[in-house]
Amino acid sequence: MKIPPSSLSPAYLRELRRSLKRGAAAEWEGARRLGLRAVKMGLGATEMVKVHEDALTALKLQRHREPDSDGALRQAGEFFARALAPFEEAHRGARETNARLESVVGKLSQRTVELAASNAELNREIVRRKRVEKSLRTSETTSSQLLAKSRRMQEELRLLSRRLLSAQEEERKRISRELHDVIAQALTGINVRLATLTLQNTANAQELHEKISVAQRLVEKSVEIVHAFARDLRPTVLDDLGLVPALKSHLKSFTEQTGLPVRLTTFTGVEDLPGSSRTVLYRVAQEALTNISRHAKASRAKVRILRMDQGVRMEISDDGRGFPANGIASSRRKKGLGILGMRERAEMVGGVFTLESTPGKGTTVRLDLPDGYPAEGKKPAPWRGKVSLLA
């Protein structure tokens, strides 16, 4: 509801009259208060003019021109100007506020445009990330499937390798028996016949006697070769007498052939190991000594079989020239079957194969085997020891 200008007229008239009475000593604070009051009442400048004219009429300053009326009119005009000052301030503040509002609106509009662009970019990024996430899930599923397939193939290859070694060992055993029981016996029979022939022809010519003697020596040599061949394939003493006698026999033959002394240290309980574990110990020792004779240039070697808390440990060490770590890597690249074969034999019975070597300080081959051997078709329990390949 708008307040009429007449409600301000009495107060305006009183304040104007008081100001005119004071003359030059008049204070304009009352006029300013009236202007502020008019602004609060919602009056406009035109309405204030009407209020001022009504006050001048009431004071008879417009109709009666007395000598001093010009001065009163000027003072009344100054009073009116003071009363209008709050209107000018309000309008100036409104203009400044409006300018600020326009600036803020402009900035908000610009910000709205920027936010819209950012929102569109964010939506595109969300779509892109969803596609990437879907692709990653697909890739992860594919990778998991490939990894599972790779593990299955690795396990199948490992099982195939173990079966191959087992079949190879059985074949060696069969060939050894064949050589020992058939070929060696046949050669021995020939030797016996030649000896009989020699006795029957003692009165004949010396030349025939010498030929028969040469034949006997050849046959004896052949028997020795066959026996050596049989021992290399599968020493019968390993099956008949045990691991320790087989190792002693092999070390004796090794020293005779290479001139390299080898010291054997063991314990009697080693014969209680399963046959497959004893075969692995023998084959690893055989291969390690072969490597020493070929590459180490050692002056002596040692074979030690020790009882450990969780099983049996065998160490084959030498004082040879050794080799750095890249020598192992090189042998792997060349796919040498010596180290690989020893490692695979160890894993067949749940053991751990370790090779330690330092240039100028020799090499140590270590084989850790558990006490027992799992049932056929089951995965061997791993050795819970330190696995290392040092240089």
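A salt bridge is counted here when a side-chain nitrogen of Lys or Arg lies within 4 Å of a carboxyl oxygen of Asp or Glu. The model on screen is predicted, so local features need pLDDT of at least 70 and side-chain atom pairs count only at pLDDT 80 or more, while totals for chains, interfaces and linings use all residues. Residues are numbered from 1 along each chain as its sequence is written, and side-chain values use heavy atoms, with hydrogens and water left out.

Begin by selecting Glu 78 and Arg 82, which form a salt bridge whose closest N and O atoms are 3.1 Å apart. Both residues belong to helix 4, where they sit 4 residues apart, about one turn of the helix; helices (H or I, at least four residues) and strands (E, at least two) are DSSP runs, numbered from the N terminus. Arg 82 is partly exposed at 36% relative accessible area, and Glu 78 is partly exposed at 33%, where buried means under 20%, exposed over 50% and partly exposed in between (1.4 Å probe, protein chains only).

Move next to helix 1 (residues 9-22), in which Glu 15 and Arg 18 meet in a salt bridge of 2.5 Å, N to O. Glu 15 is buried, with a relative accessible area of 16%, whereas Arg 18 counts as partly exposed at 38%. The buried residues of helix 1 also include Tyr 12, Leu 13 and Leu 16, and just after the helix Gly 23 takes a positive phi of about 70°.

Keep Tyr 12 selected and add Phe 79. The count of aromatic pairs comes to 1 (rings of Phe, Tyr and Trp, its six-membered ring, with centres within 6.5 Å; planes under 30 degrees apart are stacked, over 60 edge-to-face and the rest tilted). The ring centres of Tyr 12 and Phe 79 are 5.3 Å apart and their planes stand at 80°, so the pair is edge-to-face. Because Tyr 12 lies in helix 1 and Phe 79 in helix 4 (residues 69-200), the pair ties together parts that are 67 residues apart in sequence. Both residues are buried.

Now select Met 314 and Ile 316, which touch the most other members of the largest nonpolar core, a group of 35 residues; such a core is a set of buried Ala, Val, Leu, Ile, Met, Phe, Trp, Tyr and Cys residues joined through side-chain atoms within 4.5 Å. The elements that give two or more residues to this core include helix 7 (243-258), helix 8 (275-296) and strand 3 (311-318), and helix 8 supplies the largest share, 9 residues.

From this core, turn to helix 7, where Leu 243, Val 244, Ala 246, Leu 247, His 250, Leu 251 and Phe 254 are buried. Viewed down the helix axis, the buried residues fall within an arc of 155° (taken over the directions from the axis to the C-beta atoms), so they line one face of helix 7. On the other side, Lys 248, Lys 252 and Glu 256 are exposed.

Finish at Glu 315 and Arg 366, whose side chains meet in a salt bridge of 2.8 Å, N to O. Glu 315 lies in strand 3 and Arg 366 in strand 5, so this pair ties together parts that are 51 residues apart in sequence. Both Glu 315 and Arg 366 are buried. Adding Arg 304 and Glu 356 to the selection shows the network of salt bridges that links these four residues.
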